[in-house]
Amino acid sequence: MITLERILVPTDFSECSERARSYACELAKRFTSEVHLLHVVSPISVPGYVGPIPEELLYPEEKARQELEEWNDLSFEHVKRLARSVITGTAFVEIVRYARDNNVDLIVMGTHGRSGLTHALIGSVAEKVVRKAACPVLTVRPEGHQFVMP
């Protein structure tokens with residue numbers, strides 16, 4: 001039998017992440033699971049830049065924590081336990097590490113298609129998490145996205 005005691009929802013606060021959160025909350029309600037919300041802040045590095053740094057970039061973790069606290073869903077009332085975390089690092093690495101360290105049973109995350117050179121050079125975070133995570137990963141596409149045969 002499948003048990004989902006802990007569900008991880010990595011978020012970038014996008015609309016696609018909100019859809020993933022809804023899926024996770026519905027699963028948590030059905031399996032009486034904990035939900036872990038995670039936002040990964042990328043380290044800021046601008047080589048050679050010597051100008052004033054915009055205030056919103058000075059404390060990215062603090063801003064992310066505030067945004068994560070405000071990122072609510074009515075479905076959270078059915079969640080056994082809700083944990084919110086903000087980590088600095090490379091997104092896919094930190095997501096996989098968090099899942100491993102917290103014995104996560106399922107990762108539910110949004111995915112949006114990158115295309116062209118950016119995808120070829122970087123790839124998507126969701127794609128890397130699917131490849132590297134030890135637990136199952138449910139990816140949720142943006143609403144209205146349809147598969148079209150070429």
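Helix α1 spans the distance expected of its length: at 1.5 Å a residue, its 17 residues should cover 24 Å, and the end C-alpha atoms lie 25 Å apart, in agreement. The expected span is 1.5 Å times one less than the number of residues. Helices (H or I, at least four residues) and strands (E, at least two) are DSSP runs, numbered from the N terminus. The model is predicted: local features need pLDDT of at least 70, side-chain atom pairs count only at pLDDT 80 or more, and totals for chains, interfaces and linings use all residues. Residues are numbered from 1 along each chain as its sequence is written, and side-chain values use heavy atoms, without hydrogens and water.

Seven α1 positions are listed as buried (under 20% relative accessible area, 1.4 Å probe, protein chains only). They are Cys16, Ser17, Ala20, Arg21, Ala24, Cys25 and Ala28. The buried residues of α1 pack against β1, β2, β4 and β5 (137-140); contact means heavy atoms within 4.5 Å. Just after α1, Thr32 adopts a positive phi of about 50°.

The largest nonpolar core (buried Ala, Val, Leu, Ile, Met, Phe, Trp, Tyr and Cys residues joined through side-chain atoms within 4.5 Å) holds 20 residues. At least two residues each come from β1 (6-10), α1 (15-31), β2 (34-41), α3 (60-70) and β4 (106-110). Helix α1 gives the largest share, four residues. Among the residues with the most contacts inside the core is Val108. Beyond four places in sequence, Val108 touches residues including Ile7, Ala20, Leu27 and Val140. A separate core of 14 residues includes Leu38, Val104, Ile107 and Val129.

Terms used: Buried < 20%, exposed > 50% of the residue type's maximum accessible area, 1.4 Å probe, protein only.
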